[in-house]
Amino acid sequence: MIRFEGVSKRFPGASAPAVENLDLLVPEGTTCVLIGPSGCGKSTTLRMVNRLIDPDAGRITVAGRDVTAADPIALRRGIGYVLQGIGLFPHRSVARNVATVPELLGWPKGRIAERVDAMLDLVGLEPATYRDRRPDALSGGQRQRVGVARALAADPPVLLMDEPFGAVDPVARGRLQAEIGAILRRLGKTVLIVTHDIDEAMLMGDSVALMRGGRLVQADAPQALLAAPADDFVAAFVGQDRALRRLALLTVSKVAEPGEAMGEPEIAAEASLRDALSTMLARGCTRLAVTGVPRILTLDAIREAGALVKVEPR
Ligand SMILES: Nc1ncnc2c1ncn2[C@@H]1O[C@H](COP(=O)(O)OP(=O)(O)O)[C@@H](O)[C@H]1O
Ligand SMILES: [Mg+2]
């Protein structure tokens with residue numbers, strides 16, 4: 001768990017605080033995405049957690065412990081940190097990069113080698129192919145996978161990621177976001193991610209915290225943010241196509257109703273409503289049968305679920 005209580009930071013000589021009176025809770029085992037315009041204080045917020053920056057006021061606790069009372073070096077060993085693009089040691093092999101923290105912790109060689117291979121497997125890089133490569137022999141996406149493997153190597157309970165996929169091309173990015181998001185959820189890590197990519201926020205966040213000018217504007221589940229933006233700024237930030245985004249976050253099983261199939265095309269219970277809508281459009285029908293169960297999904301039900309497009313702020 002990461003908790004911010006009344007946290008403020010003003011850099012020397014700055015006319016306004018970079019972060020002002022921030023209250024935010026990231027529950028154990030969940031991912032929170034910090035999003036907002038450039039300069040709104042996202043990275044400063046993140047870097048106060050591992051004490052690369054110290055707050056002027058307020059309290060930050062990780063797993064109940066005040067970070068300002070911790071030794072910064074020991075603290076950082078328990079917190080994985082992933083940065084955009086940079087961050088890998090260019091003259092070290094992939095394996096040595098991943099082994100950085102276990103080496104610092106003095107793990108025996110055999111255990112480190114095992115751990116490196118397990119981590120490379122985890123992030124989808126075949127160990128035999130990649131462990132001896134240098135970072136410059138990898139694509140941008142592969143480098144970010146190594147960055148995640150390195151951050152997870154000593155099994156820290158908390159992970160901080162600052163625009164982790166910012167340097168990855170858009171095609172690889174979507175896959176990375178989905179894959180890494182699933183891995184972090186499966187491992188039960190508590191994660192704080194900074195991004196300016198609203199799709200990344202929606203895909204990876206259990207909660208999304210939108211900042212503006214150093215202040216928190218709204219923190220909520222992605223669905224809630226899309227359905228009920230707190231003000232015009234949030235509404236504008238989450239974008240015009242938020243009905244479609246919302247449909248992508250809802251599964252067929254959530255809205256299908258009891259009913260017997262009568263030859264309708266089938267849709268999987270775990271498919272998204274966005275996929276269901278595409279299927280209806282492609283097949284020219286307004287009803288789908290849910291595979292394997294006596295339930296029917298109708299266009300009206302999708303419409304109702306998507307009607308969350310509120311124009312006026314709450
Ligand atoms: N080390 C620093 N020294 C002085 N000002 C800084 C420093 N880091 C960030 N700032 C300023 O603090 C504000 C917030 O920056 P930052 O947290 O990096 O924003 P974001 O990550 O949302 O783009 C900006 O105005 C930025 O210029
Ligand atoms: Mg930043």
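Start by selecting Val82 and Met161: in this predicted model, Val82 stands opposite Met161, a residue of strand 7. Keep both on screen while you colour the two strands around them. Strand 6 covers residues 79-83, and five bridges join it to strand 7, with the two running parallel.

Now select strand 7 on its own, residues 158-162. Is this strand mostly covered or mostly open? Mostly covered: four of its five residues are buried.

Next, go to the other neighbour of this strand. Select residues 190-195, which form strand 8; here too the pairing with strand 7 is parallel, and five bridges hold the two together. For a landmark, pick Asp162, which stands opposite Val194 in strand 8. To follow the chain from one strand to the other, add residues 170-187: the path leaves strand 7, passes through helix 8 and arrives at strand 8, making a right-handed β-α-β crossover. While you have the side chains switched on, here is a general point to keep in mind: in a regular strand they alternate between the two faces of the sheet.

Time to visit the ligand. Which residues surround ligand 1? Select Phe11, Ala14 and Ala18, then Gly36, and finish with the run Ser38, Gly39, Cys40, Gly41, Lys42, Ser43 and Thr44. Colour this shell by class and you will have six polar residues, four nonpolar ones and one charged one.

From there, jump to Ala137, in the loop that links helix 6 (127-130) to helix 7 (140-152). Why does Ala137 count as exposed? Because 12 other C-beta atoms lie within 10 Å of its own, and a residue with 12 or fewer is classed as exposed. If you would like to try the distance tool, go from the C-alpha atom of Ala137 to that of Thr195: the two are 58 residues apart along the chain and 26 Å apart in space.

Finally, zoom out and colour by domain. Domain 1 takes in 2-240 and domain 2 takes in 245-306, and their centres, calculated over C-alpha atoms, are 35 Å from each other. In cartoon view, the whole protein chain shows 15 helices and 14 strands. Its radius of gyration is 22 Å, close to the 20 Å that the globule rule gives for 314 residues, so the chain is as compact as a globular protein of that length. Turn the C-alpha trace along its principal axes and the spans are about 65 × 50 × 35 Å. As a last colouring, try burial: 38% of the 314 residues count as buried.

Notes: Residues are numbered from 1 along each chain as its sequence is written. Chains are lettered from A and ligands numbered from 1 in the order in which they are written. This is a predicted model: local features need pLDDT of at least 70, side-chain atom pairs count only at pLDDT 80 or more; totals for chains, interfaces and linings use all residues. A residue is buried if 20 or more other C-beta atoms lie within 10 Å of its own, exposed if 12 or fewer, and partly exposed in between; C-beta atoms are placed from the backbone. Two strands pair if DSSP finds at least two bridges between them. A crossover is right-handed if, with the strands pointing away from the viewer, the path from the first strand over the helix to the second runs clockwise. Domain bounds come from an automatic or database domain assignment. A residue is near a molecule or strand if its C-beta atom, placed from the backbone, lies within 6 Å of it. Ala, Val, Leu, Ile, Met, Phe, Trp, Tyr, Cys and Pro count as nonpolar, Asp, Glu, Lys and Arg as charged, and the others, Gly among them, as polar. The radius of gyration is taken over C-alpha atoms; the globule rule is 2.2 Å times the number of residues to the power 0.38.
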